[in-house]
Amino acid sequence: MAAAETQFPPPKVLTYPAATPPMLITQGAEGRLYKTTHLVPTRPCALKYRPPKPYRHPILDARLTKARLASEAKVLERCWREGVPVPAVYAMDPAAGWMMMEWIEGIPVRAGINAWLGERPEDGTEAPVVDDTPLVDLMKGIGTAVGALHRTGVVHGDLTTSNMMLRPREAGQANGDVGDEKNAKGKAVEGDVVLIDFGLATQSMSDEDRAVDLYVLERAFASTHPRAERLFTILLDSYGKTFKKAPSVLAKLEDVRMRGRKRSMLG
């Protein structure tokens with residue numbers, strides 16, 4: 001961590017005295033994500049920071065960083081206004097390369113699904129899923145969230161279960177007895193779906209772009225959760241009920257799938 005901080009020091013906003021010291025959550029090729037607080041110690045937030053890229057010309061790098069952060073913030077604000085489940089934007093300074101957003105409590109959808117499915121048998125066989133109900137409800141929630149996103153005129157660009165969070169519901173909304181083993185397992189996939197990480201998102205009304213968004217999610221889901229792949233149709237059905245233009249998007253999805261299969265055959 002010390003070496004990383006030396007190479008990419010945190011933005012100045014995180015060096016000011018604060019009640020809650022920032023915590024580095026993750027670091028990628030394009031940016032870093034910190035957990036800190038906004039205005040008051042009781043309001044946690046996520047700060048996304050795009051550090052300077054030493055391999056780029058400084059002027060070009062500054063322009064790209066500013067444009068990308070401004071674009072991401074614009075997309076998030078549009079989604080928030082339209083009721084799409086995304087983090088709220090609290091503050092930003094594109095010139096300094098950072099943006100503060102609502103901190104989403106919970107776990108990634110990917111982790112929840114994997115916890116619910118459990119470990120694979122040691123002999124390599126696939127254990128059948130006994131009760132699909134909790135996962136079916138989650139798939140419906142994902143489809144509804146993506147449908148709301150596309151209805152707003154935004155495509156995510158990197159839809160995966162790692163870029164979705166399961167936000168715990170308020171007390172009293174959960175079903176079942178906490179002491180029941182079946183219900184305890186179901187809680188792994190219980191919560192409200194929130195879409196995150198809009199660094200590649202764009203505003204588009206194109207059926208092709210929306211279909212590609214779904215195709216990326218479909219391929220990522222099949223790769224990450226092969227034991228639950230058969231439930232993906234439930235997601236698409238929920239998407240169709242949320243978004244009135246879904247039939248043309250789903251028809252285009254078939255074309256995108258065909259192109260994907262041809263590319264796979266040709267290598």
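Contact here means heavy atoms within 4.5 Å. With that in hand, open the viewer and let us walk through the model.

**Before you start**

This is a predicted model, where local features need pLDDT of at least 70, side-chain atom pairs count only at pLDDT 80 or more, and totals for chains, interfaces and linings use all residues. Residues are numbered from 1 along each chain as its sequence is written, and side-chain values use heavy atoms, with hydrogens and water left out.

**The whole chain**

Show the cartoon first. The protein has eight helices and ten strands; these are DSSP runs, numbered from the N terminus, with helices being H or I of at least four residues and strands E of at least two. Of its 267 residues, 40% count as buried, where buried means under 20% relative accessible area, exposed over 50%, and partly exposed in between (1.4 Å probe, protein chains only). Take the contacts between residues at least 6 apart in sequence: 67% of them join residues at least 24 apart.

**Stop 1: threonine 160**

Select threonine 160, in the loop between strand 7 (154–155) and strand 8. Is this residue buried or exposed? Threonine 160 counts as buried because its relative accessibility is 17%. Setting aside neighbours within four places in sequence, threonine 160 is in contact with Leu217 and Ala220. Keep Leu217 in mind, since this leucine returns at the next stop as part of the contact between helix 4 and helix 6.

**Stop 2: helix 4 and its two partners**

Now select helix 4 (residues 133–151) and helix 6 (residues 207–224). The two pack at an angle of about 155°, with their axes 11 Å apart. Axes are lines fitted to C-alpha atoms, for helices over the stretch in contact, and angles run from 0 to 180 degrees between N-to-C directions. Helix 4 and helix 6 are therefore roughly antiparallel to each other; the classes are under 35 degrees for roughly parallel, over 145 for roughly antiparallel, 65 to 115 for roughly perpendicular, and oblique for the rest. Helix 4 passes helix 6 in a right-handed crossing. A crossing is right-handed if the near helix is turned clockwise from the far one by less than a right angle, and left-handed if anticlockwise.

Show side chains for the contact: helix 4 gives Met139, Ile142, Val146, Leu149 and His150, while helix 6 gives Arg210, Asp213, Leu214, Leu217 and Phe221. By class, that contact has seven nonpolar, one polar and two charged residues. Ala, Val, Leu, Ile, Met, Phe, Trp, Tyr, Cys and Pro count as nonpolar, Asp, Glu, Lys and Arg as charged, and the others, Gly among them, as polar.

Next add helix 3 (residues 109–117), which packs against helix 4 at about 160°, again with axes 11 Å apart. Helix 3 and helix 4 are therefore roughly antiparallel too, but their crossing is left-handed. Val109, Ile113, Trp116 and Leu117 of helix 3 meet Pro134, Leu135, Leu138 and Ile142 of helix 4. What classes do these residues fall into? Eight are nonpolar, with no polar and no charged residues.

**Stop 3: the three-stranded sheet**

Select the open sheet with order 6-8-9 and antiparallel pairing. Two strands pair if DSSP finds at least two bridges between them. Strand 6 (107–108) and strand 9 (192–195) are the edges, each pairing on one side only. Strand 8 (residues 164–167) is joined to strand 9 by four bridges; in one pair to highlight, methionine 165 faces valine 194 as its bridge partner.

**Stop 4: the five-stranded sheet**

Move to the open antiparallel sheet with order 1-2-3-5-4. Strand 1 (23–27) and strand 4 (89–93) form its edges, and the twist averages 20° from one strand to the next. A hairpin joins strand 1 to strand 2 through four residues, and four bridges link these antiparallel strands. Methionine 23 has lysine 35 of strand 2 as its bridge partner. At the other edge, four bridges join strand 4 to strand 5 (residues 98–102), with alanine 91 partnered by methionine 100. Helix 2 (residues 58–81) lies across strands 3, 4 and 5, running at about 20° to strand 5.

**Last stop: threonine 37**

Zoom in on threonine 37 in strand 2, which counts as buried because its relative accessibility is 15%. Not counting residues up to four places away in sequence, threonine 37 touches Thr20, Arg43, Pro44, Cys45 and Met100. To finish, draw a C-alpha to C-alpha distance from threonine 37 to glutamate 102: they are 65 residues apart in sequence and 9.5 Å apart in space.
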